[in-house]
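Q: I am new to this structure. Please take one helix and walk me through how its sides differ and what lies around it.

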Amino acid sequence: KYPFQDPGYCDFDKKRIAIETRGIKLAAAIACSDGKLSRKEGSIIKDYASRIVDIQLDRHKDKTKKSLNDAIEDGLKYEAVSKSSISTLCRYIKNVEGYNNDKMQVLELCLDVMAADDVADKHELELIEKISKSIGIEYEEFVKVREKRMIGLKTMTSDNDSDNIESLERTIGIKSDWSKSKKIEHCKKEFRKWNSRLGALKDK
């Protein structure tokens, strides 16, 4: 016997659908954080919704599809999403007991949208980090999931050296409020980790 903490899909799960619809709106906020929604970003969000519908029992598919389509239509209207709106969406997700897998899937959706244009945008990374914390995901878990999406992405630069340093720190998982010694220790840890993986990477 295997203990499962998260609810299953045998019945229409209103809480799970509520998390997923809010996740779509958060992903839309990531997509529109630069003022525009690309076709790739929209496709990632729609594919996420399609996968959710596909795993539902037949009697729940129509209801699920309507809920997710409504969320997509609502979310993709965002040209600029207020901090309070994002906080409200995150607060609901965090306060739902259990559903850890679904919360991680929301984070992964946001990261997939961020990576759609092959660029690690500073503002998108900052927003995703806040979302991850606000929905109750530990920082270490966030970094593990995020680093898989960061491979091969370009990091945006600016004329401001402090902005570039902050962007680089965020890219490798450093928090700006860490002490210098903690930042150095983290860099050493990252070097050891990626140096050991170097032989397995195909791209130089």
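**A close look at helix α2**

A: Start with the outward side of α2. The face turned away from the buried side carries the exposed residues R39, K40 and D54. This is a predicted model.

Now the buried side. In α2, the buried residues are E41, G42, I45, Y48, A49, I52 and V53. They lie on the same side of α2, because they cover an arc of only 140° around the axis. A general rule helps here. An α-helix has 3.6 residues a turn, so residues three or four places apart point the same way.

The helix has 16 residues. From first C-alpha to last, α2 reaches 22 Å, close to the 22 Å expected at 1.5 Å a residue.

What do the buried residues of α2 pack against? Their partners are α1, α3, α5 and α6.

One contact leads on to α6. E41 is touched by E124, a residue found in helix α6. E124 is buried, with a relative accessible area of 1%. E124 also touches I30, S33, M114 and V119.

M114 opens the wider view. Its contacts include I30, E124, I128 and L153. M114 is also among the residues with the most contacts inside the largest nonpolar core, which has 46 residues. I24, L26 and I30 are among the others. Helix α2 (39–54) is one of the elements that give two or more residues to this core. Others include α1 (14–31), α5 (100–114) and α6 (122–134). In soluble globular proteins, nonpolar side chains tend to be buried together.

Key: Residues numbered from 1 in each chain as written. Predicted model: local features only at pLDDT ≥ 70, side-chain atom pairs only at ≥ 80, totals over all residues. Heavy atoms only, no water. Core = buried A, V, L, I, M, F, W, Y, C linked by side-chain atoms within 4.5 Å. Buried < 20%, exposed > 50% of the residue type's maximum accessible area, 1.4 Å probe, protein only. Helix = DSSP H or I, 4+ residues; strand = E, 2+ residues; numbered from the N terminus. Contact = heavy atoms within 4.5 Å. Expected span 1.5 Å × (residues − 1). Arc of directions from axis to C-beta.
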